[in-house]
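Please open the model in your viewer and keep the selection panel at hand, since each stop on this tour begins with something to select. The route goes from the strands to the helices, and then to individual side chains and loops.

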Amino acid sequence: MHANYAAILVRNDIDVWKHADVFAKELKDAFQKKNLETKIINYMESSKQAHNALQDKQCLFAVCFNGFGSE
């Protein structure tokens, strides 16, 4: 059995300046300081992984970044 975690969903293909990557990494670091594992998932490239995370009882919540300005 795996631990509880948060999913951070990003879409890199529309994020030219990679703001979502920066925000996702900052959130991941902050969550890890609180002992919460985090999975960063590019939901366009790995839609199955994103779907599985959203259905997983161990996934406590998800944050989605669609690109800078659309969070």
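Select strand β1 (residues 5-10) together with strand β2 (residues 37-42) in this predicted model, and you will see two strands that run parallel and are joined by six bridges. Within this pairing, isoleucine 8 stands opposite isoleucine 40 in β2, while valine 10 stands opposite asparagine 42 in β2. If you now follow the chain from β1 through α1 to β2, you trace a β-α-β crossover, and this crossover is right-handed.

Keep β1 displayed and add β3 to the selection, where the two strands pair in the parallel sense, again over six bridges. Here tyrosine 5 stands opposite cysteine 59 in β3, and isoleucine 8, which you have already seen facing isoleucine 40 in β2, stands opposite valine 63 in β3.

With the three strands shown together, in what order do they form the sheet? The order is β2-β1-β3, in an open sheet whose pairing is parallel. Because β2 and β3 stand at the edges and each has a single partner strand, one side of each is left without a neighbour in the sheet. Looking across the strands, you will find that the twist averages 20° from one strand to the next.

Return to β1 alone and show its side chains. In a regular strand the side chains alternate between the two faces of the sheet. In β1, Tyr5, Ala7 and Leu9 point one way, whereas Ala6, Ile8 and Val10 point the other way. Are these residues buried or exposed? All are buried, and β1 as a whole is mostly covered, with six of its six residues in the buried class.

Next, bring in the helices, beginning with α1 (residues 19-33). Helix α1 lies across β1, β2 and β3, and it runs at about 175° to β1. Helix α2 (residues 47-55) also lies across β1, β2 and β3, but its angle to β1 is about 145°. For a distance to check in the viewer, select valine 22, which is found in helix α1, and alanine 53; their C-alpha atoms are separated by 21 Å, although the two residues are 31 apart along the chain. Valine 22 has a relative accessible area of 42%, so it is partly exposed.

Now select phenylalanine 31 and phenylalanine 61, which make up the one aromatic pair counted in the model. Their ring centres are 5.5 Å apart and their planes stand at 80°, so the pair is edge-to-face, the cut-off for that class being an angle over 60 degrees. The pair links distant parts of the chain, since phenylalanine 31 belongs to helix α1 and phenylalanine 61 to strand β3 (residues 59-65), 30 residues apart. The two rings also fall into separate accessibility classes: phenylalanine 31, at 18% relative accessibility, counts as buried, while phenylalanine 61, at 33%, is partly exposed.

Go back to tyrosine 5 and add lysine 39 to the selection. Lysine 39 lies over the face of the tyrosine 5 ring, at 4.2 Å from the ring centre.

The last stop concerns the backbone of two loop residues. Most residues other than glycine have a negative phi, and most peptide bonds are trans. Select lysine 18, in the loop between β1 and α1, and check its phi, which is near 65°, a positive value in a residue other than glycine. Lysine 18 is partly exposed, with a relative accessible area of 36%. Then move to asparagine 35, found in the loop between α1 and β2, whose phi is likewise positive and near 65°. With a relative accessible area of 71%, asparagine 35 is exposed.

Definitions and conventions
Residues numbered from 1 in each chain as written. Predicted model: local features only at pLDDT ≥ 70, side-chain atom pairs only at ≥ 80, totals over all residues. Heavy atoms only, no water. Phe/Tyr/Trp six-rings, centres within 6.5 Å; stacked < 30°, edge-to-face > 60°. Helix = DSSP H or I, 4+ residues; strand = E, 2+ residues; numbered from the N terminus. Buried < 20%, exposed > 50% of the residue type's maximum accessible area, 1.4 Å probe, protein only. Lys NZ or Arg CZ within 6 Å of the ring centre and 35° of its normal. Pairing = 2+ DSSP bridges. Right-handed = clockwise from strand over helix to strand, strands pointing away. Axes fitted to C-alpha atoms, helices over the stretch in contact; angles between N-to-C directions. Contact = heavy atoms within 4.5 Å.
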